[in-house]
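Student: I would like to take a close look at one part of this protein, and I would be glad of a careful walk through it.

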Amino acid sequence: MPEVVLAVARFGFLALLWVFVFAVVGVIRRDLSGARQPRLVAAPRGIPLAPQGRPAKAKRGDRGDRGVPRTMVVTEGALAGTRITLGDSPITLGRADDSTLVLNDDYASAQHARLVPRAGEWLIEDLGSTNGTYLGPTKISGPTPVPLGAPIRIGRTSIELRS
């Protein structure tokens, strides 16, 4: 094989190797820094807003009060059995120390997902995670209502909302 062809092949391979190394470092840096996604400003379609632009809250004694989630339970994973009482504030899920539920899961991103209360129900929203967030067998792509008892899966961790 001519020396020129061999030298070009070596430099091409070396350039390709460096591109791969920079791509890997970029992914690791993004995952560790936990790049934040913008917060939801408007409610998704079909969810009424109160006059001040806030979601309308469900009141106790409403017909649908029985189906309102009150607790989040970790059903599978390292934190199985963990319970969090749901209030009016969003719940963040991920490996970052500032998350509401810190997941010690290799398949979870630093800021992986967020549960947001809207009009008496909870919405799950993926925050641009690497491996995705699943509601039942379906990978979610936007804010999605979470029915009672439906498994939310993040890596090896499974979570359910219960009344």
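Which residue of β11 does M72 stand opposite?

Tutor: M72 stands opposite L161 in β11, and to see where that pair belongs it helps to begin with the whole chain and then return to the strands. Please keep in mind that this is a predicted model. The protein has 1 helix and 11 strands, and, read from the N terminus, the helix comes before the strands, in the order α-β-β-β-β-β-β-β-β-β-β-β. Of its 163 residues, 30% count as buried.

Your pair sits where β1 meets strand β11, which covers residues 157–162, and these two strands run antiparallel with 5 bridges between them. Strands of a sheet pair through backbone hydrogen bonds, and they can do so either parallel or antiparallel. Strand β1, made of residues 71–76, also pairs with strand β2, residues 83–85, again in the antiparallel sense, this time over 3 bridges. In that second pairing T71 is the residue that faces T85 of β2. The strands β1 and β2 form a hairpin with 6 residues between them, and in the turn G77 has a positive phi of about 110 degrees.

Other strands build an open sheet, in which 5 strands follow the order β4-β3-β5-β6-β9 with mixed pairing. At its edges stand β4 (101–102) and β9 (144–145), and each has a single partner strand, so one side of each is left without a neighbour in the sheet. Further in, strand β3, residues 91–94, is joined by 3 bridges to strand β5, residues 113–118, and the two run antiparallel. Here T92 is the residue standing opposite R114 of β5. Strand β3 also holds L93, which counts as buried because its relative accessibility is 1%, while the cut-off for buried is under 20%. L93 and L127 are 34 residues apart in sequence, and their C-alpha atoms are 9.5 Å apart in space.

Elsewhere in the chain, R153 lies over the face of Y134, at 4.5 Å from the ring centre.

For a contrast with the strands, you can turn to helix α1, which spans residues 3–33 and includes I28. I28 is partly exposed, with a relative accessible area of 46%, and it belongs to a nonpolar surface patch of about 1300 Å² that is made by F11, F13, L14, L17, W18, F20, V21, F22, V24, V25, I28 and L32. Two members of this patch, W18 and F22, both lie in helix α1, 4 residues apart, which is about one turn of the helix. A pair of aromatic rings is described by the distance of the centres and the angle of the planes. For W18 and F22 these values are 5.8 Å centre to centre and 35 degrees between the planes, and the aromatic pair is tilted. The count for the protein comes to 1 aromatic pair. W18 counts as partly exposed, because its relative accessibility is 47%, whereas F22 counts as exposed at 57%, and the reason for the two labels is that exposed begins over 50%.

To come back to your question, M72 and L161 face each other where β1 and β11 pair over 5 bridges, and β1 is also paired with β2 over 3 bridges.

How values were computed. Residues numbered from 1 in each chain as written. Predicted model: local features only at pLDDT ≥ 70, side-chain atom pairs only at ≥ 80, totals over all residues. Heavy atoms only, no water. Pairing = 2+ DSSP bridges. Patch = residues over 30% accessible without salt bridge, like charges linked within 9 Å, V, L, I, M, F, W, Y side chains within 5 Å. Areas by Shrake-Rupley, 256 points an atom, 1.4 Å probe, with all protein chains shown as cover. Salt bridge = Lys/Arg side-chain N within 4 Å of Asp/Glu carboxyl O. Buried < 20%, exposed > 50% of the residue type's maximum accessible area, 1.4 Å probe, protein only. Phe/Tyr/Trp six-rings, centres within 6.5 Å; stacked < 30°, edge-to-face > 60°. Lys NZ or Arg CZ within 6 Å of the ring centre and 35° of its normal.
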